[in-house]
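Q: Got a minute to go through this one with me? I'd like to start with the charged side chains.
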Amino acid sequence: MLENAIEMYSRMQDLWVSPDGYTLPHVLKACGGVPDFKMGQRVHGQIFRLGFEKDVFVQNGVVAFYTKCGKIGSAKVVFDRLEFRNVVSWTSMISGYAQNGQPIEALRVFYEMRETRVMPDWIALVSVIRAYTDVEDLEHGKSIHGCVIKMGLELEPDLLIALTAMYAKCEQVMVARFFFDQMKVPNLILWNAMISGYAKNGYAEKAVELFREMTSRNIRTDSITARSAVVACSQVGSLELARWMDNYIGKSEHRDDIYVSSALIDMFAKCGNVDMARMIFDRTLDKDVVVWSAMIVGYGLHGRGQEALDLYQLMKRSGVYPNDVTFLGLLTACNHSGRVEDGWQLFHCLKDHGIEPRHQHYACVVDLLGRAGYLDQAYDFIMNMPMEPGVSVWGALLSACKIHRHVSLGEYAAERLFALESYNTGHYVQLSNLYASSRMWDLVAKVRVLMKEKGLSKDLGYSLIEINGKLEAFRVGDKSHPRYKEIYEELKSLEKRLKQAGFIPHTDSALHDLNYEEMEETLCNHSERLAIAFGLISTAPGTTLRISKNLRACINCHSATKFISKLVNREIVVRDANRFHHFKDGVCSCGDYW
């Protein structure tokens with residue numbers, strides 16, 4: 001239709017028929033919609049020759065044409081020359097800036113508009129809400145929402161879409177869902193806003209549920225929908241769900257979408273199957289740096305340092321240049337596999353590739369050095385950072401000090417952490433664990449008192465295990481499960497077999513006010529041990545058990561799981577707060593380096 005309008009205008013010119021002030025804006029709208037920039041410029045020239053410089057209706061069309069073609073500078077020149085500006089003039093500029101990635105400028109023009117006492121229309125308000133969404137300014141966005149209500153525009157479909165997107169992006173997903181439900185037939189933009197809003201704000205299951213509803217209603221998806229759904233699946237962590245999503249993508253038009261492919265690679269890596277991630281990687285055509293980096297990061301998450309380094313060499317031979325994410329994945333891979341020298345060399349290659357190291361890169365190097373026992377070098381590295389060390393850097397040092405029982409340096413790192421985040425429970429727990437590992441029980445007690453005075457309590461650990469596509473949750477000492485008697489019977493049997501196999505519990509960090517038998521009972525009732533016991537009574541022999549937990553694996557459970565994997569002849573895959581552990585035949589893939 002738009003091309004037809006431009007063709008009709010060209011025939012009009014061939015017949016020497018002169019356009020009027022009504023024709024020209026419609027031709028410009030068609031040129032902006034195609035877009036046909038050269039034709040639009042010709043029309044602008046004719047407008048000038050025909051003397052329509054002061055016709056606000058025509059000039060508004062010129063402004064809108066340039067903004068739709070991404071020529072925001074040219075649009076501003078025309079806008080600034082207008083002697084009279086109506087609501088359409090202002091709206092064209094506000095929308096232009098908002099649509100061309102300049103939300104601050106869009107808001108500046110909106111404020112200028114309000115100063116001239118021009119009342120905004122719903123189109124202007126849509127663009128203003130989008131601008132506030134882009135800068136994540138919820139408070140001012142709410143004020144515009146108030147204007148929408150006062151003007152009686154709350155049922156305007158485009159405003160409902162904009163409000164849904166704003167509240168979803170600004171972590172108010174329940175409010176966003178309210179607006180979503182107001183639409184009788186939500187369009188694609190609205191579905192995308194809601195699914196991505198759920199995924200980005202910790203409601204992964206809701207995102208997947210909404211995506212399933214969308215597909216069951218045969219509503220067409222786009223690349224954004226697919227990527228958001230894949231991200232949500234990676235957060236859920238269910239391998240069965242990940243396979244379902246891969247199957248859906250394989251049958252859809254998104255199969256060859258490079259952005260969806262990189263998300264699938266990340267999904268399988270985070271769901272515990274890095275080999276499936278590699279299959280997606282291998283089938284992806286025209287791999288860009290994002291795809292290569294996703295695979296390298298996946299290997300890093302699983303501690304497969306050699307594979308990550310080999311892939312990096314292949315990436316360079318393919319002529320693809322690394323970015324900062326590539327190096328973060330490589331450093332993580334080296335860190336999780338104890339490759340100190342390789343990691344150190346890679347960090348110093350960053351600037352050779354024109355990449356300025358970010359805070360995450362420095363934190364990774366501190367962790368790399370610290371875990372390997374190079375605590376003094378890690379401290380010197382921090383002191384020579386070109387930026388102020390942040391939480392992740394000092395946290396990495398404190399964690400390393402706990403591993404190697406370096407109390408004085410650990411206390412210093414903890415002081416820096418308390419100065420940055422005085423109410424973060426994790427920092428106090430880390431310091432307490434450092435003292436406990438060194439059997440400094442009086443100082444452990446002092447940290448507990450300090451936490452109590454600040455109203456802080458230790459985060460409760462929990463573990464999830466996937467059985468037949470369903471995730472079951474367990475906490476330490478949990479007896480809420482319907483099969484808890486069977487679970488504890490299996491746990492009792494496992495503990496007996498562990499002792500017979502020569503397993504000795506690590507009690508160094510257990511509560512010092514318990515006797516040895518109580519320590520043993522407390523340790524064997526940790527959430528991952530309960531999850532393993534449930535997995536063993538719920539699956540056929542030889543079935544791989546897949547468990548995820550919200551905290552870092554403790555030394556005792558890590559050692560016990562190695563023994564259990566051999567005793568029951570099972571592979572047990574555990575994802576903790578830092579990485580994946582693959583237990584098989586009495587050995588962990590981390591090589592006890594985590």
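A: Sure. First the rule: a salt bridge here is a side-chain nitrogen of Lys or Arg within 4 Å of a carboxyl oxygen of Asp or Glu. Keep in mind that this is a predicted model.

Q: OK, how many salt bridges does that rule give?
A: The count is 19.

Q: Which residues are linked in a network of salt bridges?
A: Glu105, Arg108 and Glu112 form such a network. Within it, the closest N and O atoms of arginine 108 and glutamate 112 are 2.4 Å apart.

Q: Where do arginine 108 and glutamate 112 lie?
A: Both are in helix α7, four residues apart, or about one turn of the helix. In general, an α-helix has 3.6 residues a turn, so residues three or four places apart point the same way.

Q: And are those two buried or exposed?
A: In between. Arginine 108 is partly exposed at 30% relative accessibility, and glutamate 112 is partly exposed too, with a relative accessible area of 28%.

Q: What about aspartate 80, which side chain does it meet?
A: Lysine 76, in a salt bridge of 2.8 Å, N to O. That pair sits in helix α5 (residues 72–81), with four residues, about one turn, between the positions. Aspartate 80 is partly exposed with a relative accessible area of 42%, and lysine 76 is partly exposed with 32%.

Q: Which pair links distant parts of the chain?
A: Take arginine 304 and aspartate 275, whose side chains meet in a salt bridge at 3.3 Å, N to O. Arginine 304 is in the loop between α18 (289–301) and α19 (305–317), while aspartate 275 belongs to helix α17 (residues 274–283), and they are 29 residues apart. Both ends are partly exposed: arginine 304 has a relative accessible area of 25%, aspartate 275 has 47%.

Q: Back to α7. How far apart are its end C-alpha atoms?
A: They are 19 Å apart, and that agrees with the 18 Å which its 13 residues (103–115) should span at 1.5 Å a residue.

Q: Which residues of α7 are buried?
A: Pro103, Ala106, Leu107, Val109, Phe110 and Met113. They cover an arc of only 160 degrees around the axis, so they lie on the same side of α7. The face turned away from that buried side carries Ile104 and Glu115, which are exposed.

Q: What do the buried ones pack against?
A: α6 (87–99), α8 (122–134) and α9 (138–150). After α7 comes arginine 117, with a positive phi near 65 degrees.

Q: Let's do α19 as well. What's buried there?
A: Gly305, Ala308, Leu309, Leu311, Tyr312 and Met315. Their arc around the axis is only 160 degrees, which puts them on the same side of α19. They pack against α17, α18, α20 (324–337) and α21 (340–347).

Q: And how does its length look?
A: α19 has 13 residues and reaches 19 Å from its first C-alpha to its last, close to the expected 18 Å. Glycine 319 follows α19 and has a positive phi, near 85 degrees.

Q: Changing topic: which members of the largest nonpolar core touch the most others?
A: Met245, Met267 and Leu397, out of 150 residues. There is also a second, separate core of 25 residues, with Phe474, Tyr488, Ile532 and Ala560 among them.

Q: What is methionine 267 in contact with?
A: Leaving aside neighbours within four places in sequence, methionine 267 contacts Val230, Cys233, Ser234, Ala242 and Met245.

Notes
Residues numbered from 1 in each chain as written. Predicted model: local features only at pLDDT ≥ 70, side-chain atom pairs only at ≥ 80, totals over all residues. Heavy atoms only, no water. Core = buried A, V, L, I, M, F, W, Y, C linked by side-chain atoms within 4.5 Å. Buried < 20%, exposed > 50% of the residue type's maximum accessible area, 1.4 Å probe, protein only. Contact = heavy atoms within 4.5 Å. Helix = DSSP H or I, 4+ residues; strand = E, 2+ residues; numbered from the N terminus. Expected span 1.5 Å × (residues − 1). Arc of directions from axis to C-beta.
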